[in-house]
Amino acid sequence: MNSDLNRASSVFVVGLDAGGTRTRAVLADLDDGRARGEGTAGPGNALTVPGPELADHLAEALAGAVPEPLRGQVVAVAGGFAGAGHQGQGADEPGRVRAHTALSAALARLGITAATVGVHSDIETTFAAAPSHPADGLVLVAGTGAVAARIAARAPTATSGGDGWLLGDDGGGFWIGRAAVRAALRATDGRGAPTTLARAVGRELGLPPRVLPPEGYGVTDAVPWSDGRRTAYRAHVLPAVMERAPVRLADHAPLVVRAAEEKDAVAVEILREAARHLAETVMALVPRPGEPLVVTGGLLAPDGPLLTPLTERLAHLALTITAVSDGSPGAVALARLAHGTGR
């Protein structure tokens, strides 16, 4: 154990960011919120990850963040969970119940007996992650899914989007990944334009090389794709997609980003449409000129591919847009506040 860590504080808090693809835990000093340890694990969505698996992921992340000798010195834990509702929706909100059950099991497994254990939506922890930990404004999370909220006194008072991969989340990673596969299929039967996404998606799905479009397809019209290979490609794509969990379509979102960077017109249009959907999600909350908007998620974190186009679409509102890497600093802040420290 780091001796500086042992001297710096005898009391600690833990903040958790449990998202659709990753769970991150941060150990921090109670007094000043300074990060002292970090651990990561698999997905932490409270609704889509089975309870025992969710507890395993939380325990793994916590074990990485909190050295065993310090586990008795953790006084507060706060977690922001994708799939969990906010406190105003009541203690029996399904996502909150599942998250609390899994978190309690993980803490007990590690012998962490914090006096305060708080379960929050990822919206709440993301907003609190902005510098100075604001209490009022707007937040947009765009990772696998997409949801925005108006925050007042650190609690959501209205939300937009966040309806899940089947019914909504327009502009999020699932939506983008599904659009990539749709574009590939449309290219096979002539409904859509040639695109490098067809080859990229096929490779990502593990299709046999003999059915993939030729190298250079979608880059130039001079590279043909025979009818026979198109038919074989389509016959392989559909089973490959169907045998995976639907949410795995989000795995294809990075392919769209890379293709857009290489000027693939279809990929560029997908990202443009995604930015439009995200802007509409924010606009539904009737933003007030100049108020803060905190954004995060794989698409909107600092240097995220949709941060600039979203900022451009919202420029007329002169919002103060802050991109944060994830909600773990906000979870730390909420843990400190729950224990009567910080502001």
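Start with Ala-130 in this predicted model: once its neighbours within four places in sequence are set aside, Ala-130 is in contact with Val-294, Thr-322 and Val-324. Ala-130 sits in the loop between α4 (122-128) and β6 (137-142). Being in a loop doesn't put Ala-130 on the outside, though: with a relative accessibility of 4%, it counts as buried. Pro-329 is another residue to look for here, since its C-alpha is 8.1 Å from that of Ala-130 despite a gap of 199 residues in sequence.

Now hop over to another loop, the one between β4 (74-81) and α3 (94-110), where you'll find Glu-93. This one is buried but has no salt bridge, and the nearest side chain of opposite charge, that of Arg-96, is 5.2 Å away. The cut-off for a salt bridge is 4 Å, so that distance doesn't qualify. What does the side chain of Glu-93 reach at 2.8 Å? It's the backbone nitrogen of Gly-85. Gly-85 also turns up among the contacts of Glu-93 beyond four places in sequence, together with Gly-83 and Ala-84.

Plenty of other charged side chains do pair up, as the structure holds 14 salt bridges. One of them joins Arg-22 to Asp-326, with the closest N and O atoms 2.9 Å apart. It links distant parts of the chain: Arg-22 is in the loop between β1 (12-18) and β2 (23-29), while Asp-326 is in the loop between β10 (320-323) and α12 (328-338), 304 residues apart. The two ends have their own surroundings: Arg-22 is partly exposed at 35% relative accessible area, whereas Asp-326 is buried at 6%.

Next up is the salt bridge between Glu-291 and Arg-150, whose closest N and O atoms are 2.9 Å apart. Here the link runs from the loop between α10 and β9 (292-296), home of Glu-291, to Arg-150 in strand β7, and 141 residues separate the two. Both Glu-291 and Arg-150 are buried.

A third pair, Glu-215 and Arg-199, has its closest N and O atoms 3.2 Å apart. Glu-215 is in the loop between α7 and α8 and Arg-199 is in helix α7, so this salt bridge ties together parts that are 16 residues apart in sequence. Glu-215 is exposed, with 61% relative accessibility, but Arg-199 is among the buried residues of α7 (residues 197-204), along with Leu-197, Ala-198, Val-201 and Gly-202. What covers those buried residues? The cover includes α6 (173-189), α8 (227-242), α9 (253-261) and α10 (265-283). After α7 comes Gly-206, which has a positive phi near 75°.

Glycine isn't needed for a positive phi in this model, as Ala-153 shows with a value near 55°. You'll find Ala-153 in the loop between β7 (146-152) and β8 (155-161), exposed at 63% relative accessibility. Lys-263 is another non-glycine with a positive phi, about 70°. Its loop is the one between α9 and α10, and Lys-263 is exposed too, at 70% relative accessibility.

Finish on the surface, with a nonpolar patch of about 430 Å² made by Trp-165, Leu-166, Leu-167 and Val-247. Leu-166 belongs to helix α5 (residues 164-167). Is Leu-166 buried or exposed? Exposed, with a relative accessible area of 62%.

Key. Residues numbered from 1 in each chain as written. Predicted model: local features only at pLDDT ≥ 70, side-chain atom pairs only at ≥ 80, totals over all residues. Heavy atoms only, no water. Patch = residues over 30% accessible without salt bridge, like charges linked within 9 Å, V, L, I, M, F, W, Y side chains within 5 Å. Areas by Shrake-Rupley, 256 points an atom, 1.4 Å probe, with all protein chains shown as cover. Helix = DSSP H or I, 4+ residues; strand = E, 2+ residues; numbered from the N terminus. Buried < 20%, exposed > 50% of the residue type's maximum accessible area, 1.4 Å probe, protein only. Contact = heavy atoms within 4.5 Å. Lys, Arg positive; Asp, Glu negative; His and termini not counted. Polar contact = N/O pair within 3.5 Å; in protein donor to acceptor, adjacent residues only side chain to side chain.
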